[in-house]
Amino acid sequence: SITITGGNSQSATVGTAFATALQILVKDSFANAVAAGVSVTFTAPSSGASGTFANSSSTTTLQTVAGGTISTPFTANNTAGAYSVTLASTGVTSPPSFSLTNNPGAASTISITGGNNQSAAINTAFSALQIQVKDSFGNGAASGVSVTFTAPSTLASGKFANNSNTTTLQTAAGGTISTPFTANSVTGSYSVTLASAGVSSPPSFSLMNTPGPPASITITGGNSQSVTIGTAFASLQIVVKDAGGNPVLAGVNVTFTAPAIGASGTFSNASNTITLATLANGTISAPFTANFSGGAYLVTTASTGVSSPPSFSLANLAANVSGQVSVTQNGFARNRSTGLWTATMTVTNTGGTVINSPVQVLMTNITAGVTMVNNTGISNGSPYITVTSGTLARGASVSVPIQFSNPSNGFISYTPVTYSGGL
């Protein structure tokens, strides 16, 4: 029989000698120690975790000394792991084996095994950041090796499970670490660095925080403007941002809507409403042209996920078409029953184009003490009268009565100024 007397169930760092020699005692069938010279073969695995004897081989045959003992030094190879060293000797059935373990060496390298080169929307989690620490021979490090992960302290970054931009974690068996990581509210690319004692030039994770869904719309240009009817405004400009204040990615749809009737305008699609997609910086610039109705109005914006979006305040101004028309009147006559002075005013389109909107005549410089009584409204302190609610073709004329209160019954004079589009 063979009995292990020392060196069993021990471990050594790869590439180093086991602290205790492998020791056995060989006995005869009566339990007496055999004489010197009995051969016993020690065999470690030929590959993988193993080791070498004094002969630099994974196997050796040695002879007992007086007392039936053998003691042999043994050195771990460069591969970590558990294994057995078997024993064999002629006449011995079921000999025992040494159970040995080669432990990994000190940390030497770090490899990224998962979670690199990924992106996540702001304030959302990335796939776990995963690494493996190895010794100089490529063995996964033992458990308990500390590795520090560090993301930027400002701008685009994120936080670990400890709600900090940095954390120190220990390897599990095999040298692995897997840690959750969540993007902060700032978009951009950045690196998460790694550091561990004994590791030079560790790798870094390359990560990117991308914008989240739209949360707000800001007007950046084209608000609070006015133009003459039928002409273009400066483009209506907005930027769409996520909850972190970052411009959204390209392709977020925003709907612009102007009034369907009255003072309004049209977009590039010749409609009062249009849906446009953001560019890569979250911006949209929409051309817009006033229609032929004068007045103030709003152009609203809308996008999924955005509450209380802003509106553009715009105004279409009436066009002075005095140079395109002639204004005449017949003589005034006094109505005896009402006391009012009445005449007929005729407006003729003498220009070369159609006037495409309502025509109104502003009655300026009226004789002092004289008041117009059938005016449509007041603009800039002067009365005006609507001559036509529609278009006025080339060469066409339209006549309307005009009435004045003239207590002195004196001469009535005024200066007509003709507009289209609504005063």
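Here are legends for three close-up views of this predicted model.

**View 1. Phe 18 meets Phe 74 in a stacked aromatic pair.** The two rings sit 5.7 Å centre to centre, with 25° between the planes. (Rings of Phe, Tyr and Trp, the last by its six-membered ring, pair if their centres lie within 6.5 Å; planes under 30 degrees apart are stacked, over 60 edge-to-face, and the rest tilted.) This pair ties together distant parts of the chain, 56 residues apart: Phe 18 is in the loop between strands E2 (10-13) and E3 (22-26), and Phe 74 is in the loop between E7 (69-72) and E8 (75-76). Strands (E, at least two residues) are DSSP runs, numbered from the N terminus. Phe 18 and Phe 74 are both buried, meaning under 20% relative accessible area with a 1.4 Å probe, protein chains only.

**View 2. Phe 18 and Phe 74 belong to one aromatic cluster.** Joining them there are Phe 42, Phe 53, Tyr 83 and Phe 98. The structure as a whole holds 15 aromatic pairs.

**View 3. Five strands make an open sheet.** Read across, the order is E2-E10-E9-E4-E6, and the pairing is mixed; two strands pair if DSSP finds at least two bridges between them. E2 and E6 (59-63) are at the edges with a single partner strand each, so one side of each has no neighbour in the sheet. Inside the sheet, E4 (residues 39-43) and E9 (residues 81-88) run antiparallel, joined by three bridges. Thr 41 has Ala 88 in E9 as its bridge partner.

**Notes.** Residues are numbered from 1 along each chain as its sequence is written, and side-chain values use heavy atoms, leaving out hydrogens and water. In this predicted model, local features need pLDDT of at least 70 and side-chain atom pairs count only at pLDDT 80 or more, while totals for chains, interfaces and linings use all residues.

Technical notes: Helices (H or I, at least four residues) and strands (E, at least two) are DSSP runs, numbered from the N terminus. Buried means under 20% relative accessible area, exposed over 50%, partly exposed in between (1.4 Å probe, protein chains only).
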